[in-house]
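Q: Hi! Could you walk me through this model?

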Number of protein chains: 2
Amino acid sequence: MHRTVFFISDGTAITSETVGHSLLTQFPDVRFSQVRIPFVSDPGKAQEAVRRINEAAEKDSAPPIVFNSIVDEEIGSIIMASDAVTIDLFGTFLGTLERALGVKRESKVGRAHGVANPRRYEERIDATNYALNHDDGVSTSYLNADLILVGVSRSGKTPTCLYMALHFGVKAANYPLTQTDLENQALPSFLKPHRAKIAGLTIDADRLSQIRETRRPGSRYASLKQCYWEVESAESLLRMAGVPTFHTTHSSIEEIASRVLLQLGLQREMF
Amino acid sequence: MHRTVFFISDGTAITSETVGHSLLTQFPDVRFSQVRIPFVSDPGKAQEAVRRINEAAEKDSAPPIVFNSIVDEEIGSIIMASDAVTIDLFGTFLGTLERALGVKRESKVGRAHGVANPRRYEERIDATNYALNHDDGVSTSYLNADLILVGVSRSGKTPTCLYMALHFGVKAANYPLTQTDLENQALPSFLKPHRAKIAGLTIDADRLSQIRETRRPGSRYASLKQCYWEVESAESLLRMAGVPTFHTTHSSIEEIASRVLLQLGLQREMF
């Protein structure tokens with residue numbers, strides 16, 4: 001079974017796509033073709049979107065699904081008149097919120113993923129630069145770090161740090177445990193003063209070996225034996241050091257990031 | 001006016017927080033305290049969440065707002081019975097979708113930001129590594145690039161590339177225009193074969209000067225005069241080279257990324 005899905009917004013369409021993806025995961029047997037139509041900010045663009053929706057309806061011989069997060073009611077009503085089944089985020093919920101809050105909406109377009117607060121926005125860019133400058137043990141001065149991810153090479157530290165920086169404005173450093181650290185079964189001395197903000201990442205040795213194999217095929221670094229030794233040594237080191245540790249093998253970046261932030265008590269607003 | 005807002009989910013809570021932020025931007029005069037409660041995956045955790053919600057209701061003397069994206073109906077119903085006004089994403093929309101698709105939901109927990117498709121997931125990690133290895137002109141071999149952002153130093157290229165890699169699995173390189181490029185008023189020769197996948201970023205000179213000033217205070221690099229010259233030269237170079245160019249001064253990373261992907265026709269599913 002096949003359906004065309006549209007994510008439509010007067011802004012980036014990130015909100016409608018996020019909601020759409022969440023809901024569509026509940027229908028794993030339907031094959032969805034997905035089309036993003038961002039920046040629908042005037043009636044002409046809305047009519048063009050409706051043309052594409054109706055074209056898909058005809059081609060599929062079935063109504064498309066539209067996830068609509070257009071704020072402007074006039075432009076939104078053009079979309080609502082298409083041949084699709086429309087999930088209307090603002091239309092559905094803003095009334096409830098107005099009643100709950102006892103105030104009227106302001107109906108400004110495209111605010112959700114814009115630069116709402118310039119100062120907070122700069123924190124986000126600073127955090128991203130921090131993550132880059134403190135990636136992979138490049139700099140080990142962690143005074144300003146909000147958190148430090150520790151684990152063996154290729155356990156998922158870098159993408160998780162970048163994600164946390166971009167999405168939560170968190171200054172996330174990462175340090176790859178070295179052969180010496182693993183042999184000593186102790187965190188290096190420059191990490192010890194920061195133990196309260198360290199989280200460990202670990203991974204199944206066979207998965208680690210696969211990942212390393214694509215980078216350095218046939219190397220000792222990628223060998224199962226080396227990976228087993230590193231993972232076991234790292235897990236025992238982290239356990240002894242009392243560092244909360246998370247398994248990344250079957251987790252997405254979002255899941256790891258959420259768990260780490262929760263564990264370390266870093267309650268930051270998401271961008 | 002003040003209200004407490006909860007983002008609650010059996011997964012990361014990213015979906016409910018995204019929706020919540022979008023809707024709350026429509027009420028700029030209300031001060032919201034925001035609390036994320038992810039991984040509410042059993043009745044005990046739901047009851048603990050309800051306890052926190054009701055505590056906030058009492059403290060605020062006003063019902064909190066709950067954005068709930070718990071999939072499981074039993075666990076969800078515990079949240080629905082709190083003293084809050086609850087916006088229930090799945091409850092509200094899954095019925096509509098079931099009717100539109102003519103199939104029943106599967107109600108699997110926490111799928112939205114998990115590893116749905118391991119192969120696509122690897123593309124995402126590869127893209128992130130690609131962005132890191134092709135950041136700031138480090139490597140200028142662009143054969144495998146999906147796109148290349150070009151602009152003066154600190155015009156927003158790096159965070160935008162990382163964002164596009166993490167969110168869209170797009171292999172995004174970036175190249176900082178050099179003094180020589182600007183004087184020659186031409187793209188360097190290694191970029192010319194890739195013109196169809198190049199986008200330019202530009203920024204107001206005075207904003208650029210501010211940004212650079214925080215990195216190298218008092219430097220020629222940060223001076224208004226130098227920034228004006230670089231921005232003007234870069235804009236004229238990009239115009240002559242026929243490169244579509246985007247202004248970053250008042251745009252968020254999400255907005256820039258969305259516009260660039262739209263312009264270059266890169267229709268990738270969002271992570």
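Q: Let's start with strand β7 of chain B: how many of its residues are buried?
A: Happy to help! Strand β7 (residues 198–202) of chain B is mostly covered, with 5 of its 5 residues buried; buried means under 20% relative accessible area with a 1.4 Å probe, protein chains only. Strands (E, at least two residues) and helices (H or I, at least four) are DSSP runs, numbered from the N terminus.

Q: What should I know about the source?
A: This is a predicted model, where local features need pLDDT of at least 70, side-chain atom pairs count only at pLDDT 80 or more, and totals for chains, interfaces and linings use all residues. Residues are numbered from 1 along each chain as its sequence is written, chains are lettered from A and ligands numbered from 1 in the order written, and side-chain values use heavy atoms, leaving out hydrogens and water.

Q: Back to β7(B): which residues sit on each side?
A: B:Ile198, B:Gly200 and B:Thr202 are on one side, B:Ala199 and B:Leu201 on the other, and all are buried.

Q: Which strands pair with it, β5(B) and β8(B), and in what sense?
A: Strand β5 (residues 147–151) of chain B pairs with β7(B) in the parallel sense over 3 bridges, and so does strand β8 (residues 245–247) of chain B. Pairing needs at least two DSSP bridges between two strands. B:Ile148 has B:Ile198 as its bridge partner, while B:Leu201 has B:Phe246.

Q: New topic: what turn lays chain A on chain B?
A: A turn of 180° with a shift of 0.0 Å along the axis, giving an RMSD of 0.0 Å; the least-squares superposition uses C-alpha atoms of residues with pLDDT of at least 70 in both. That is the relation of a two-fold axis.

Notes:
Buried < 20%, exposed > 50% of the residue type's maximum accessible area, 1.4 Å probe, protein only.
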